[in-house]
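Here's a quick tour of a protein model, written for someone who would rather look around than read tables. Keep the viewer open as you go.

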Amino acid sequence: MAVKTKTTPQGLEYRPSIEDQPPRSVAPSKFARILTLVVLGFVLLYFLLPIVWLIIASSKTNSDLVSSFGFWFADVNWGFNWDALMGWTSNLFPRWVFNSVFYSTTAAAAGTLISVACGYSMAKFVFPGRRALLITIMAGLLMPIALLTVPLYVLFLQMGLSNTIWSIIIPSMVSPFGVFLGNVYADSSVPTELLEAARIDGAGEARIFFTMVLRLLAPAMVTIFLFIFVATWNNFLLPLMMISDDALKPVTLGLYGMMSYFAPDKGAVMLGALLGVIPLILLFLGLQRFWQSGLAAGAVKG
């Protein structure tokens, strides 16, 4: 019996699985598209409105913050708030921003290298206790960082490293999530045959890791770098416990110190918060392309 075929409006022939039934479009329905746009619109407003409010609030004085509409400018006082910010911080605010950038960049760079090295070794090397080690690291994902802050402070105090840059950088370098993500990417993105071929050609393990493995794990490294950078930048309790010298404070701890005064200049604090978040925005915009490509690559690997 001859197979009956039909033709789509675009001129393509197909064989229907059910007789006398028109082809069903794979495109989403109009209702689904509208609903998706509405949901995405609410999500966009949810993330953008706080930034818009922060920009507007940073231009107001204390009286303007309570007397004017929150999402509209009153008298623009950015210059006044900047002078107040520098006065309140004794001209240390730029130093605080630099400290945050330095702590976050250093911890993220070192932590990324450590994470992918650990993840790669657990994924591609067989040694006793490997599974138990991975389970222990995954259990570390469930432990709040605040729970470790006091023991870390006691440890660094006994070693004489409290109130130093190392008391911020060294704890921030450790990332159980980074090790887990590096392990997953190394297991799926680094072919074992490629490693064996390199060893047959006489390449050492260090050369294989730094010249081949790091290139293959670049998407995971970007993701791990961003997570550690943001976590270090936003960390408040650890600097609060470790740092007492004003010159070593990150911007989060410095702005908290401003708010602890009686009747602080809230407009100046808002301006400091706005200027303090700009490096994060620039970092995400600069690495967005690599991060998205990494997520897409990880989604299709088997």
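What follows covers the overall build, the pocket, the cavity, the salt bridges and a few single residues.

## The model at a glance

First things first: this is a predicted model. Confidence averages a pLDDT of 85 over the protein, and 88% of the residues score at least 70. The weak spot to keep in mind is residues 297–302, where pLDDT stays under 50. For that stretch, the model has four contacts beyond four places in sequence.

As for the build, there are 14 helices and two strands. The protein has 302 residues, and 32% of them count as buried. If you take contacts between residues at least 6 apart in sequence, 68% join residues at least 24 apart.

## The largest pocket

The largest pocket holds about 630 Å³ of space. Its lining takes in 18 residues, and the ones nearest the centre are Ile 145, Pro 171, Val 174, Ser 175 and Pro 176. Four elements each give two or more residues to this lining: H6, helix H7 (166–173), helix H8 (176–189) and helix H11 (218–234). H11 has the largest share, with four residues.

What sort of residues line the pocket, by class? The count is 13 nonpolar and five polar, with no charged residues.

## The largest cavity

There is also an enclosed space to look at. The structure holds one cavity of 30 Å³ or more, and the largest cavity has about 70 Å³ of space. Its lining includes Ser 100, Tyr 103 and Ser 104, along with Ile 168 and Ser 172. Thr 232, Trp 233, Asn 235, Leu 238 and Pro 239 are also part of the lining, as are Pro 250 and Thr 252. The elements giving two or more residues here are helix H4 (93–124), H7, H11 and helix H12 (237–242).

H4 gives the most to the cavity lining, with three residues. By class, the lining splits into six nonpolar and six polar residues, with no charged ones. H7 and H11 are worth a second look in the viewer, since each gives two or more residues to the pocket lining and each also gives two or more to the cavity lining.

## Two salt bridges

How many salt bridges turn up in a search of the whole structure? There are two. One pairs Arg 199 with Glu 205, and their closest N and O atoms are 2.6 Å apart. Arg 199 counts as partly exposed because its relative accessibility is 30%. Glu 205 is partly exposed too, at 32% relative accessibility.

The other bridge joins the side chains of Lys 249 and Asp 246, at 2.9 Å from N to O. Is Lys 249 buried or exposed? Lys 249 counts as buried because its relative accessibility is 17%, and the cut-off for buried is under 20%. Its partner, Asp 246, counts as partly exposed at 39% relative accessibility.

## Tyr 153 and its distant partners

Tyr 153 sits in helix H6 (residues 145–159). At 26% relative accessibility, Tyr 153 counts as partly exposed. Which residues does Tyr 153 touch, leaving aside those up to four places away in sequence? The answer is Met 241 and Met 242.

Tyr 153 and Met 241 are 88 residues apart along the chain, yet their C-alpha atoms are separated by 6.6 Å. Helix H12 covers residues 237–242, so to see these contacts, put H6 and H12 on screen together.

## Two asparagines with positive phi

Two backbone spots deserve a glance. Asn 91 is not a glycine, but it has a positive phi of about 65°. Asn 91 lies in the loop between helix H3 (78–88) and H4, and it counts as exposed because its relative accessible area is 54%.

Asn 163 is another residue other than glycine with a positive phi, in this case near 60°. You'll find Asn 163 in the loop between H6 and H7. With a relative accessible area of 27%, Asn 163 is partly exposed.

How values were computed:
Residues numbered from 1 in each chain as written. Predicted model: local features only at pLDDT ≥ 70, side-chain atom pairs only at ≥ 80, totals over all residues. Heavy atoms only, no water. Buried < 20%, exposed > 50% of the residue type's maximum accessible area, 1.4 Å probe, protein only. Contact = heavy atoms within 4.5 Å. 1 Å grid on protein atoms, 1.4 Å probe; cavity = no way out; pocket = protein on both sides within 12 Å on 5 of 7 lines; lining within 4 Å. Points joined across faces, edges and corners; volume = space filled by probe spheres on them. Nonpolar A, V, L, I, M, F, W, Y, C, P; charged D, E, K, R; others polar. pLDDT = per-residue confidence, 0-100. Salt bridge = Lys/Arg side-chain N within 4 Å of Asp/Glu carboxyl O.
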